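I opened this notebook page to keep track of what I look up in the structure, one topic at a time. Each entry starts from what I wanted to know and ends with what I found.

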Amino acid sequence: LHRVDRRQRQMCIRDSINEVRYCYSKSLVKDPKLAGRVSIEFVIGAAGKVTSSSVHKNTLDDASVGKCIAKAVRRWKFPKPSDGGTVSVSYPFVLEPG
């Protein structure tokens, strides 16, 4: 089983969360009550770089937020998977104003 330590993965996501907030805040300007959940599926390659990412599920009334987050995730760097393989991740971002 290909793995990236869950704690390390969480730290990497937390370090990059401002990119997610940016995507969300752009749409909050248009709709201050916009809220929901965006799940992103992504693959961490053998070198720790994200090789693909896409919106798995989006309950927001604004598809552009999910697309923006998926694009941001493609730039993220994670620890290399323990056995040199790839790791598939599905990660939910819960977005609400305030």
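The entries below go from the strands to the core, the cysteines, the pocket and a few single residues.

**Entry 1, the model.** I note at the outset that this is a predicted model, and I read every value below as computed from it.

**Entry 2, strand pairing.** I began with strand 1, residues 36-44, and found that it pairs with strand 3, residues 87-95, in the antiparallel sense over nine bridges. Strand 1 also pairs with strand 2, residues 50-58, again in the antiparallel sense, over seven bridges. To fix the register towards strand 3, I looked up two positions: Ser39 has Pro92 as its bridge partner, and Glu41 stands opposite Ser90. Towards strand 2, I found Ile40 opposite Val55, while Val43 has Ser52 as its bridge partner. The hairpin of strand 1 and strand 2 has five residues between the strands, and Gly48 in this hairpin takes a positive phi near 95 degrees.

**Entry 3, the two faces of strand 3.** Which side chains of strand 3 point to the buried face? I listed Val87, Val89, Tyr91, Phe93 and Leu95 on that face, whereas Ser88, Ser90, Pro92 and Val94 point to the other face and are not buried. I add the general background that side chains in a regular strand alternate between the two faces of the sheet.

**Entry 4, the nonpolar core.** I then turned to the largest nonpolar core, which has 27 residues, and noted that Ile40, Phe42, Ile69, Trp76, Phe78, Phe93 and Leu95 touch the most other members. At least two residues of this core come from each of helix 1 (6-15), helix 2 (17-30), strand 1, helix 3 (63-73) and strand 3. Helix 3 gives the most, with six residues. I followed Phe93 further and, leaving aside residues up to four places away in sequence, found that it touches Ile13, Ile17, Val20, Gly36, Arg37, Val38, Ile40, Ile69 and Trp76.

**Entry 5, helix 3.** Given its share of the core, I looked at helix 3 on its own, and recorded Val65, Gly66, Cys68, Ile69, Ala70, Ala72 and Val73 as buried. The buried residues of this helix pack against helix 2, strand 1, strand 2 and strand 3.

**Entry 6, the cysteines.** How many disulfides does the structure hold? I found one, and it joins Cys23 to Cys68 with an S to S distance of 2.1 Å. The pair links distant parts of the chain, with Cys23 in helix 2 and Cys68 in helix 3, 45 residues apart. I also checked the handedness: the torsion about the S-S bond of Cys23 and Cys68 is about -70 degrees, so this disulfide is left-handed. Both Cys23 and Cys68 are buried.

Why is Cys12 not bonded to Cys23? The closest cysteine sulfur to that of Cys12 is the one in Cys23, and because the two are 18 Å apart they are too far for a bond. I count Cys12 as buried because its relative accessible area is 18%, which falls under the 20% cut-off.

**Entry 7, the largest pocket.** I next looked up the largest pocket, which holds about 260 Å³ of space. Its lining has 14 residues, and those nearest the centre are Ile17, Val20, Arg21, Val94 and Leu95. Helix 1, helix 2 and strand 3 are the elements that give two or more residues to this lining, and the largest share, six residues, comes from helix 2.

**Entry 8, two single residues.** Is Gln10 of helix 1 buried, exposed or in between? I recorded Gln10 as partly exposed, because its relative accessible area is 26%. The C-alpha atoms of Gln10 and Tyr91 are separated by 10.0 Å, although these residues are 81 apart along the chain.

I made a similar check on Asp61, which lies in the loop between strand 2 and helix 3. Asp61 counts as exposed because its relative accessibility is 76%. The C-alpha atoms of Asp61 and Gly36 are separated by 8.3 Å, and the two residues are 25 apart along the chain.

Methods:
Residues are numbered from 1 along each chain as its sequence is written. This is a predicted model: local features need pLDDT of at least 70, side-chain atom pairs count only at pLDDT 80 or more; totals for chains, interfaces and linings use all residues. Side-chain values use heavy atoms; hydrogens and water are left out. Two strands pair if DSSP finds at least two bridges between them. Helices (H or I, at least four residues) and strands (E, at least two) are DSSP runs, numbered from the N terminus. A nonpolar core is a set of buried Ala, Val, Leu, Ile, Met, Phe, Trp, Tyr and Cys residues joined through side-chain atoms within 4.5 Å. Buried means under 20% relative accessible area, exposed over 50%, partly exposed in between (1.4 Å probe, protein chains only). Contact means heavy atoms within 4.5 Å. A disulfide is a pair of cysteine sulfur atoms within 2.5 Å. On a 1 Å grid over the protein atoms alone, a cavity is a set of points where a 1.4 Å probe fits but cannot get out, and a pocket is an open set with protein on both sides within 12 Å along at least five of seven lines; lining residues have an atom within 4 Å of a point. Grid points are joined across faces, edges and corners, and a volume is the space filled by probe spheres set on the points.
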